[in-house]
Amino acid sequence: MDVVGIGIPYYDMVINVSKMPGLDGAAGANEAFYQGGGKVATAMAAAARLGRSAGMMAKVGENHRGQFIINDFRYNGVDTSAIIVDAPGTSSPFCLSLSEEEHKTRIFIGKEGTAGELLPEEIDYEYLGKAKYLHLENGRPASAAAALFAREHGIVTVMDADNYQEGIVKLLPCLDVFIASEFFYRDMFGNLPYEEGCRKLLEAGPSTAIVTLGSRGSVGMTAQDGFFRTESFQVPVRDTTGAGDVFHGAYIVGLLEGMDAPECARFASAVSAIKCTCFGGRTGIPNRETVQRFLETGEIDRTEAQRRLAYYRNNL
């Protein structure tokens with residue numbers, strides 16, 4: 001594998017409405033379908049869609065949710081041979097992803113599954129040892145064990161620091177690329193200027209620090225490139241669900257292709273922008289050719305996205 005991810009995959013129900021209903025109200029759905037979700041899980045789907053070999057290490061429930069998650073990984077080209085199916089009757093977590101056209105916003109309503117989390121002793125270290133990159137989303141025991149293994153075996157570790165967790169902060173010395181959301185950054189540094197905060201992150205261990213800022217692009221720092229800012233691409237946004245997850249997967253692809261940090265951030269921003277023109281976290285993930293055309297001309301070829309949307313609609 002070029003990249004292996006460890007995280008919690010979700011069973012998503014994607015619904016889009018023109019306007020969120022008020023209390024006791026109702027709204028018709030413009031779109032409604034099921035899709036695999038999860039931060040690292042969707043990042044691996046993005047890496048695979050962009051032409052790299054990506055695998056997922058996780059535990060899923062034995063019921064229909066878990067099987068759907070595995071099938072959706074396979075549809076997106078992600079290797080599932082290291083995924084563990086838990087005991088009979090267990091379920092994977094569920095998430096209702098509800099997006100609105102009027103204000104371009106979304107809300108998530110989740111329910112935990114009964115499947116257990118991946119344990120350090122359940123990690124296939126032979127499988128992980130063949131990877132060039134490891135992608136993580138939390139500081140739980142399996143992620144911590146994998147990060148330590150990666151550091152000892154020369155595997156580059158990338159962290160998706162979305163929500164603030166002490167476990168993630170403790171892993172900083174074992175991480176190479178630290179990509180934080182603006183929410184994680186604020187919880188960790190308050191109103192500290194981004195350049196100062198990024199410098200503190202580099203001092204803690206990683207060689208690269210990135211902070212994603214949604215529609216305002218991203219900022220970052222490396223010892224080689226110094227502090228830099230990446231502007232976002234202007235596209236007709238339909239749904240921002242999964243935008244950050246796709247950014248992470250695309251950033252890793254950029255690293256695999258030999259890009260420096262500012263180039264990786266621009267490439268990842270382009271991939272994420274294209275994704276946002278479609279409903280769902282995975283529907284609009286482009287292939288490499290679509291991204292290149294967008295970067296060169298600003299045009300988005302929607303042929304593949306329409307085919308993928310039809311596939312997911314059929315799943316309902």
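Hi everyone, let me start with a group of rings: Tyr11, Tyr34, Phe68 and Phe94 form one aromatic cluster. Before I go on, please keep in mind that this is a predicted model.

Let's take two members of that cluster. Tyr11 and Phe94 make an aromatic pair, with 6.1 Å from centre to centre and 45° between the planes, and that geometry counts as tilted. Why does this pair tie together parts that are 83 residues apart in sequence? Tyr11 sits in strand S2 while Phe94 sits in strand S7, so the contact between the rings links those two parts of the chain. Tyr11 has a relative accessible area of 9%, and because the cut-off for buried is under 20%, we call Tyr11 buried.

For contrast, have a look at Tyr311 and Tyr312. They also form an aromatic pair, but here the arrangement is edge-to-face, at 5.2 Å centre to centre and 75° between the planes. Are these two tyrosines buried or exposed? Tyr311 comes out as partly exposed, at 29% relative accessibility, whereas Tyr312 is buried, with a relative accessible area of 0%. The total count for the model is 14 aromatic pairs.

Now back to S2 and S7, and to the sheet they belong to. Which strands make up this sheet, and in what order? There are four, arranged as S3-S2-S7-S8, in an open sheet with mixed pairing. At the edges are strand S3, residues 29-37, and strand S8, residues 105-111, and each of them pairs on one side only. From one strand to the next, the twist averages 15°. As for S2, residues 10-17, and S7, residues 94-100, they run in the parallel sense and share seven bridges. If you want a spot to find on the screen, Met13 stands opposite Leu96 in S7.

On to the packing. The largest nonpolar core holds 54 residues, and the ones with the most contacts inside it are Met44, Met56, Tyr251 and Phe267. Several elements supply at least two residues each, including S2, helix H1 (39-49), strand S4 (54-57) and helix H8 (243-256). Which element gives the largest share of this core? That is H9, with nine residues. Phe267 is a nice residue to click on: leaving out residues up to four places away in sequence, its partners include Leu50, Ala250, Val253, Met259, Val291 and Leu295. Apart from this core lies another one, of 37 residues, with Leu134, Ala142, Ala147 and Leu172 among them.

One more methionine, this time in strand S13, residues 218-222: Met221. Met221 has 6% relative accessibility, so it counts as buried. Beyond its neighbours within four places in sequence, Met221 contacts residues including Glu195, Cys198, Leu202, Thr208, Phe227 and Phe228. To give you a feel for the distances, Met221 and Gly110 are 34 Å apart in space, C-alpha to C-alpha, and 111 residues apart in sequence.

Finally, a word on the annotation. An unreviewed UniProt entry lists residues 6-287 as "domain: Carbohydrate kinase PfkB". In the model, that span is 33% helix and 25% strand, and its end C-alpha atoms lie 23 Å apart.

That's my tour, and I'm happy to go back to any of these spots on the screen. Thanks for listening!

Terms used
Residues are numbered from 1 along each chain as its sequence is written. This is a predicted model: local features need pLDDT of at least 70, side-chain atom pairs count only at pLDDT 80 or more; totals for chains, interfaces and linings use all residues. Side-chain values use heavy atoms; hydrogens and water are left out. Two strands pair if DSSP finds at least two bridges between them. Axes are lines fitted to C-alpha atoms, for helices over the stretch in contact, and angles run from 0 to 180 degrees between N-to-C directions. Buried means under 20% relative accessible area, exposed over 50%, partly exposed in between (1.4 Å probe, protein chains only). Contact means heavy atoms within 4.5 Å. A nonpolar core is a set of buried Ala, Val, Leu, Ile, Met, Phe, Trp, Tyr and Cys residues joined through side-chain atoms within 4.5 Å. UniProt positions are given in the numbering used here, feature names are shortened, and annotations may be inferred rather than shown by experiment. Rings of Phe, Tyr and Trp (its six-membered ring) pair if their centres lie within 6.5 Å; planes under 30 degrees apart count as stacked, over 60 as edge-to-face and the rest as tilted.
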